[in-house]
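Here is a quick tour of a single protein chain, going from one loop residue out to the sheets and the core. Have the viewer open as you read.

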Amino acid sequence: YINQTARPGLIIQLEGTKANPDGIGAVLQLETETGMSQARQIQSGSGIGSQSSTIQIMATASTPKHLHILWPGGIKSKHPIPANSHRLRVKHPTGN
C-alpha cells in the first residue's frame with residue numbers, strides 16, 4: 001500500500017545545549033496558515049527501561065508556516081518552515 005493523498009510529516013530534531021543536547025523538556029508547536037496546531041514535548045522516557053525518540057514527526061492538514069519552541073529554561077524561539085520541507089533541524093538560540 002502506498003499512501004498517495006496524505007501530506008508527509010515534518011521531521012524535527014533539536015540541537016540543545018551542552019548540558020541538554022537533545023532539548024529534553026522542550027515544547028514544540030506548529031503554526032499553520034489557519035493558526036496554531038498540535039504541540040509536542042520532547043521526553044526522555046515514558047516508563048521503566050524505555051527510551052523515547054527525541055526526533056519528532058509532526059503533521060497537519062494545512063501547510064505549516066512556523067515552528068514555535070519553548071526551550072527548557074524558558075527561552076522561546078520561532079522558526080520559519082521552508083515550503084515543501086520534510087526535515088527541520090533547529091539549534092538552541094544561545095548555542096551553549
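With which side chain does the side chain of Ser-62 make a polar contact? The partner is the side chain of Thr-32, at 3.2 Å. Keep in mind that this is a predicted model, so start with a look at the confidence.

## How far to trust it

The chain's pLDDT averages 87, and 93% of the residues score at least 70. Broken down by element, strand 6 (residues 76–80) comes out with the highest mean, 96. Strand 3 (residues 35–41) has the lowest, at 87.

## Two loop residues that are buried

Back to Ser-62, which sits in the loop between strand 4 and strand 5. Ser-62 has a relative accessibility of 15%, and because the cut-off for buried is under 20%, it counts as buried. Setting aside residues up to four places away in sequence, Ser-62 touches Arg-7, Thr-32, Glu-33 and Thr-34. So Thr-32 turns up both as a contact and as the side-chain polar partner.

Thr-54 is another loop residue to look at, this time between strand 3 and strand 4 (56–58). With 16% relative accessibility, Thr-54 is also classed as buried. Leaving out neighbours within four places in sequence, Thr-54 is in contact with Ile-12, Asp-22, Ile-24 and Ile-42.

## The four-stranded sheet

Now for the strands. One open sheet has four of them, in the order 3-2-5-6, with antiparallel pairing. Strand 3 and strand 6 are the edges, each pairing on one side only. Ignoring direction, neighbouring strands in this sheet are turned by 20° against each other on average.

Zoom in on strand 5 and strand 6: they are antiparallel and pair over five bridges. Within this part of the model, Leu-67 stands opposite His-79 of strand 6.

## The three-stranded sheet

The other open sheet described here has three strands in the order 4-1-7, and its pairing is mixed. Strand 4 and strand 7 are the edge strands, each with pairing on one side only. From one strand to the next, the twist averages 30°.

Strand 1 and strand 7 run parallel and are joined by five bridges. Look for Glu-15 here, whose bridge partner in strand 7 is Lys-91.

Which residues of strand 7 point to the buried face, and which to the other? Leu-88 and Val-90 point to one face and are buried. Arg-87, Arg-89 and Lys-91 point to the other face and are not buried. That fits a general pattern: in a regular strand, side chains alternate between the two faces of the sheet.

## The nonpolar core

The largest nonpolar core has 14 residues, and those touching the most other members are Ile-12, Leu-14, Leu-28, Leu-30, Leu-67, Ile-69 and Val-90. At least two core residues come from each of strand 1 (10–15), strand 2 (27–32), strand 5 (64–70) and strand 7 (87–91). Strand 1 supplies the largest share, three residues. Generally speaking, nonpolar side chains in soluble globular proteins tend to be buried together.

Ile-69 is a good spot to park the cursor. Not counting neighbours within four places in sequence, Ile-69 is in contact with Leu-14, Ala-26, Val-27, Leu-28, Ile-75, Lys-76, Ser-77, His-79 and Val-90. Three of those names, Leu-14, Leu-28 and Val-90, are also among the best-connected core members listed above.

Note on methods
Residues are numbered from 1 along each chain as its sequence is written. This is a predicted model: local features need pLDDT of at least 70, side-chain atom pairs count only at pLDDT 80 or more; totals for chains, interfaces and linings use all residues. Side-chain values use heavy atoms; hydrogens and water are left out. A nonpolar core is a set of buried Ala, Val, Leu, Ile, Met, Phe, Trp, Tyr and Cys residues joined through side-chain atoms within 4.5 Å. Buried means under 20% relative accessible area, exposed over 50%, partly exposed in between (1.4 Å probe, protein chains only). Contact means heavy atoms within 4.5 Å. pLDDT is the predictor's confidence in each residue, from 0 to 100. Two strands pair if DSSP finds at least two bridges between them. Axes are lines fitted to C-alpha atoms, for helices over the stretch in contact, and angles run from 0 to 180 degrees between N-to-C directions. A polar contact is a pair of N or O atoms within 3.5 Å; within protein, one must be able to donate a hydrogen and the other to accept it, and residues adjacent in sequence count only if both atoms are side-chain atoms.
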